[in-house]
Amino acid sequence: MSSLRPARKTAGGLALLTALTALTAVTAQPASAHGSAWQPPASHCTGTAPVVCHFDVPPGTYDVSVLLGGDTAGSTSVSAEQRRAVLGETATAAGERAHRSFTVDVRAVEGEPTGEVGSPGLDLRFEGSAPRLAGLKVTPATHARQILLAGDSTVCDQPLEPYTGWGQQLPPLLRRGISIANHADSGESTVSFLANPLLFDQLETSIHDGDLVLIQLAHNDKTTTADVYRANLTAMAERVEAHGGQPVFVTPIVRRRFNTDGTLNSVALHVMAADLPNEMRSLAAQLGVPLVDLTQMSKDLVEGLGVEASKDLYLTNINGDNTHTSAYGAKTFAGLVLGELEHQGLVPERQVR
């Protein structure tokens, strides 16, 4: 179930919502054919730290505009649905207002596709060291472009802290007009992602012309042969293209496993039954599919940081996990992915925050 549930109203929360009501009463617009524009926050939001808002909207893609700030200084971050970051922490001085906007993908299952169904509609959570919300608007994003993600636990919207997939940290790096539809799921391989109808089959139904579909699957393909791995990736790429989408292969982030000389070992580099990153690289060249070589980029980063400093990217210091990333690590790897997409012209500079 979603962890984003309305908080108990407090006296401070009621004062805040009264201010929100006054603001939206001035700026209210008529309902459009697709639903209301300015929503009355008094009936949608509760609490002050955090401020939790819920909108009863059907599955789809939505633009969200927020006005942050208040009479006192604030610092506000925003997450949506199941721990999905959508706006990084934004500082506002006393009396200052900061307008920000972003685009959100709303599905019945708020996080991992094989997880529990969350609360219907859109959940937003305003947090940070001193959250301040002065205005809020949710409207259908009829012309938004999507980046859909097919991946495993290192990519997915992780439901529980401190686990964080890099796909979970992509949305704050993008401006309004492009959404992240994260269909990644823990424990999946290329084999299982194709076999389970909740995964690739469901992703496929959401592809529109021009959408990017990023495919990072390898962590759980330990026993998959090179031929099967290539065949599975080929099938995914062809099915994406059949729907007018653009497949993008993403080699997997490295595990944090060092040799005695400070280099990463073969397990870290996903050389198991097959050298999976190399198979993906050569197949991308053969099919003409764009490639984000996240294995090479994360290898350079982790080896460059060394045995100690690289621990912060993973959950090493928390529970000894050298595969899954911290929020800091996920944000770092998300930045590497987006930087390469921008470099290749797959995401325009104007859409990068």
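**Helix crossings and nonpolar cores**

Me: Why are helix 6 and helix 8 called oblique to each other?
Reply: Helix 6 and helix 8 are oblique because their axes cross at roughly 130°. The label is what's left once you take out angles under 35 degrees (roughly parallel), over 145 (roughly antiparallel) and 65 to 115 (roughly perpendicular). The angles run from 0 to 180 degrees between N-to-C directions, with axes fitted to C-alpha atoms, for helices over the stretch in contact. Here the axes of helix 6 (residues 294-309) and helix 8 (residues 327-343) come within 10 Å.

Me: What should I know about the model itself?
Reply: It's a predicted model, where local features need pLDDT of at least 70 and side-chain atom pairs count only at pLDDT 80 or more, while totals for chains, interfaces and linings use all residues. Numbering runs from 1 along each chain as its sequence is written, and side-chain values use heavy atoms, leaving out hydrogens and water.

Me: Which way does helix 6 pass helix 8, and which residues make the contact?
Reply: The crossing is right-handed, meaning the near helix is turned clockwise from the far one by less than a right angle (anticlockwise would be left-handed). Helix 6 brings L294, M297, S298 and L301, and helix 8 brings T332, F333, L336, V337 and E340. Contact means heavy atoms within 4.5 Å.

Me: What makes helix 4 oblique to helix 5?
Reply: Helix 4 (residues 226-242) and helix 5 (residues 276-287) pack at about 45°, with axes 10 Å apart. That angle is in none of the three named ranges, so helix 4 counts as oblique to helix 5. This crossing is right-handed too. Among the residues that meet are Y229 and L233 in helix 4 and M280 and L283 in helix 5.

Me: What makes a nonpolar core, and how many residues has the largest one?
Reply: A core is a set of buried Ala, Val, Leu, Ile, Met, Phe, Trp, Tyr and Cys residues joined through side-chain atoms within 4.5 Å. Buried means under 20% relative accessible area, with exposed over 50% and partly exposed in between (1.4 Å probe, protein chains only). The largest core has 34 residues, and I147, W166, L214 and L341 have the most contacts inside it. Elements giving two or more residues include strand 9 (145-151), helix 6 and helix 8. Helix 8 supplies the largest share, five residues. A second, separate core has 25 residues, including A181 and L276.

Note on methods. Helices (H or I, at least four residues) and strands (E, at least two) are DSSP runs, numbered from the N terminus.
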